[in-house]
Amino acid sequence: MGLLVWNQRGWSAANGAAALLASVAAIALLTPLANAQQATQQTDQSKTGQENAPAGATLLDKILVISRTGETAIESLASASHVDQEQLDRRMATTPNEMLLGVPGVTTQADARHVSSSINIRGLQDFGRVAVIVDGARQDFQRSDHGTQSTFYIDPEVVKSVDVIRGPVANTYGSGAIGGVVFFDTKDAEDFLKPNETWAGSVTGRYESNGKGWTTSASGAYRFNENWDALGNIVYRNYDDYKDGGGDVVKGTGFDVLSGLLKTTIRPTDNSELKLGWVGSSDGWDEISGGAPVNDVDLKSNTFTARYNITDEDKSWLDLHINTSYNKTNLDLTSLVAQRRFDPVTGLPIVLPAGSQSTFDVGTTGIDIWNTSRFETGGIAHELTYGGDWVGDNVKTGGAAGGDSFYTPSGKRNVSGGYVQDKLTWEWLEVIAGLRYDNYSLKDDTHNTSGDRLSPRVTVGVSPFESAGLAGLQFYGTYAEGYRSPSLTETLISGNHPAGVSFPFLPNPNLRPETGKTTEFGINYKQNDILESGDALRIKAAYFNNDVDDYIEGVTLSPFNPTSGCPFGPGIPICFQYQNFAKAKINGFELEGVYDAGWGYAGLSASITNGHTISYKSVEADLATIPSSQVTAQLGLRFLEDKLTVGGEVQYNGKPKGNAVAKNYTLVNAFASYQATDNLKVDFRADNLFDVKYANPLNGSTTVAVHEPGITLKLAATMRFGG
């Protein structure tokens, strides 16, 4: 990373912390205290949906960026969650996993501490089952490997908010999202600029004790005129290997990553807006095998987006959105030592010399166009949303014979769809009816397959009570279907297993798409002025049952079974192939609640997920992607006219059924945030306060646990300036 001229990797933890504390003290002494106020809430309210919120508004009252009808999370007749800038600042996140702490039904799988992550919603993940979207751009990078298959790359420092919609009710956001959608919205210039400022900037320095990690971030915003502004941001992170809760160093967990953001917003008229953006990262780490580094990984990810919105004066008939995007991820794998491998074609032993390279290049192009028309007929209010989308994946892999890239097939996949959805509201009754059409095609040099389907959605919500205590109680029920086409890897993977033992991978061009059929029953409850004037209570809870027909999973075949299609070859007598199961059955319960008053807040979230597969012969088996059941409690107290916030989080994780290495564990975190002046903010956080040794069940195989960081102390200072 030659762009930075200093490197703290060699500093001791004590010296690093002392230096940061000295810097914080020096800045505090040099900054006037007379105008101290809470600057953390200076975000653009029109962007976070707080402009019409009551005095006691909570996180669930904020408009979902992902919503196409302008709903808040508490108004949504679906399992939806919102994470805002205040929460992100409080969590001092290094990875997406930390950004999504406590969001019910959502778990993140990551390779140690790397910025690459895979999101699991309700036990579904990989190959597009969860649509991960950054500023409107689908993130479809995939590399065949043990563990997670699909990953994305974004630095938490450039993120302003995260929206989550669980289940296939999110089928207006693109094809394949039978698990749900996670939308990352990046920061804008208006998040830094005060109303009377032309320019503004901020600098953040942060130190983490576990792994001696340093983060440096700098942002600059400029307002050219009232209709045009721009933002730039650069982030550098440098971490050594961390220690787990037992005090053991977890090798291969160090990394350094350089990330950036460029974004401009242009408002041609009072009713139109154009956003152009780039988000990129350059990441590097070592892959470990047998306790020693074997591969050097270099990854570059670039996402380009253009988002245009135009409305009529009252947002009645015209609320048109046109989003275009291109995301390109390049991963280069260089062998650090000579490795014994098997030839991908013959299956015979070979030696992969040091310096051998494998390349994984995935480009994703997307177009998403929709309009919402609002009108009334016979006293019934309508929000009619209609549109279409197209996503194209272009995968190119290559490298030395025996390299890992031979097992991630090259090819092209196109997925497109169109939909119409009407939200009807009449007094105490709300009905949402929608229909989506999906079409896909994928091919390589020898295979070509395609398919299409119609997927319905019907939701009914009722608010039957008028009394003061129950007026905010709403019940809803939903039936929704989603359609996921097979991925290139699931369909086309071939060759022989590269290391350890040799056996063939078999392509399966006859794979059928998955169809998710979800039934969900939920409640929304909102009430203000409960214990004192201005406070607020918000609760969302839901039970769901998702039957995924023709569920796709990798299976082991035997050549001794004449119907398996598995040939006898070199190595052990098995084959691997992705095949359809009759279905995967997943059900569970989710809860999200928060009480907020001027002096503090309290939150509670929970999720319980169970699931199994059923073969065409009615044989049941545990579903390996079922995450831990979780209960997360959060408490925060505000002091000194809201300039100081202190609090903590407790999270219980229960082992998934059928996981041989998972264990129950409880994590305790603490945090404090002090807005010392209008231009200086200091944050402190302690993660895993009791140094628990634990592993995320999704991060290990059936026999090996990959342990997460032990106690980690974080200290950060942010200096803001503008004029």
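# Working through the model

With a relative accessibility of 4%, Gln675 is buried. That value, like everything below, comes from a predicted model.

**Exercise 1.** Find the strand that holds Gln675, and find which backbone oxygen lies 2.9 Å from a polar atom of its side chain.

*Solution.* Start with the strand: Gln675 sits in strand 35, which covers residues 665-677. Next, check the cover. Buried means under 20% relative accessible area, so Gln675, at 4%, fits the label. Finally, look for the oxygen: a polar atom of the Gln675 side chain has the backbone oxygen of Thr677 at 2.9 Å.

**Exercise 2.** Search the whole structure for disulfides and say how many there are. Then work out whether the disulfide of Cys566 and Cys575 is right-handed or left-handed.

*Solution.* The search of the whole structure turns up one disulfide. Its partners are Cys566 and Cys575, with an S to S distance of 2.0 Å. A disulfide is a covalent bond between the sulfur atoms of two cysteines. Now for the handedness: the torsion about the S-S bond of Cys566 and Cys575 is about 80°, so this disulfide is right-handed. As for cover, Cys566 has a relative accessible area of 7% and is buried. Cys575 is buried too, at 1%.

**Exercise 3.** Follow the chain from strand 12 into strand 13 and on to strand 14. How many residues lie between the strands of each hairpin?

*Solution.* Take strand 12 (residues 255-266) and strand 13 (residues 272-289): they run antiparallel and are joined by eleven bridges. One of the pairs to look for is Ile266 with Leu274 of strand 13. These two strands make a hairpin with five residues between them.

Move on to strand 14 (residues 292-311). Strand 13 pairs with strand 14, again in the antiparallel sense, over 18 bridges. Here you can pick out Trp285, whose bridge partner in strand 14 is Val297. This hairpin has two residues between its strands, and Gly290 takes a positive phi near 65° there.

**Exercise 4.** List the residues that make the nonpolar surface patch of about 570 Å², and say which strand Phe721 belongs to.

*Solution.* The patch is made by Trp199, Val203, Tyr222, Phe224, Trp228 and Phe721. Strand 9 (199-208) and strand 10 (213-225) are the elements that give two or more residues to this patch. Phe721 belongs to strand 37, residues 712-722. With a relative accessible area of 37%, Phe721 is partly exposed.

Now see what strand 37 pairs with. Strand 9 pairs with strand 37 in the antiparallel sense over nine bridges, and Tyr207 has Leu715 of strand 37 as its bridge partner. Strand 36 (residues 680-687) also pairs with strand 37, antiparallel, over eight bridges. In that pairing, Asp683 stands opposite Ala716.

**Exercise 5.** Three strands form an open sheet in the order 2-3-6. Which strands stand at its edges?

*Solution.* Read along the order 2-3-6, where the pairing is antiparallel. Strand 2 (106-110) and strand 6 (152-153) each have a single partner strand, so they stand at the edges, with one side left without a neighbour in the sheet. To check one contact, look at strand 2 and strand 3 (residues 116-121), which run antiparallel and are joined by five bridges. Within strand 3, Ser117 is the residue opposite Ala110.

Methods. Residues are numbered from 1 along each chain as its sequence is written. This is a predicted model: local features need pLDDT of at least 70, side-chain atom pairs count only at pLDDT 80 or more; totals for chains, interfaces and linings use all residues. Side-chain values use heavy atoms; hydrogens and water are left out. A disulfide is a pair of cysteine sulfur atoms within 2.5 Å. Buried means under 20% relative accessible area, exposed over 50%, partly exposed in between (1.4 Å probe, protein chains only). Two strands pair if DSSP finds at least two bridges between them. Helices (H or I, at least four residues) and strands (E, at least two) are DSSP runs, numbered from the N terminus. Patches are made of residues with over 30% relative accessible area and no salt bridge: like charges are joined within 9 Å, nonpolar side chains (Val, Leu, Ile, Met, Phe, Trp, Tyr) within 5 Å. Accessible areas come from the Shrake-Rupley method with a 1.4 Å probe; for residues, only the protein chains shown count as cover. A salt bridge is a side-chain nitrogen of Lys or Arg within 4 Å of a carboxyl oxygen of Asp or Glu. A polar contact is a pair of N or O atoms within 3.5 Å; within protein, one must be able to donate a hydrogen and the other to accept it, and residues adjacent in sequence count only if both atoms are side-chain atoms.
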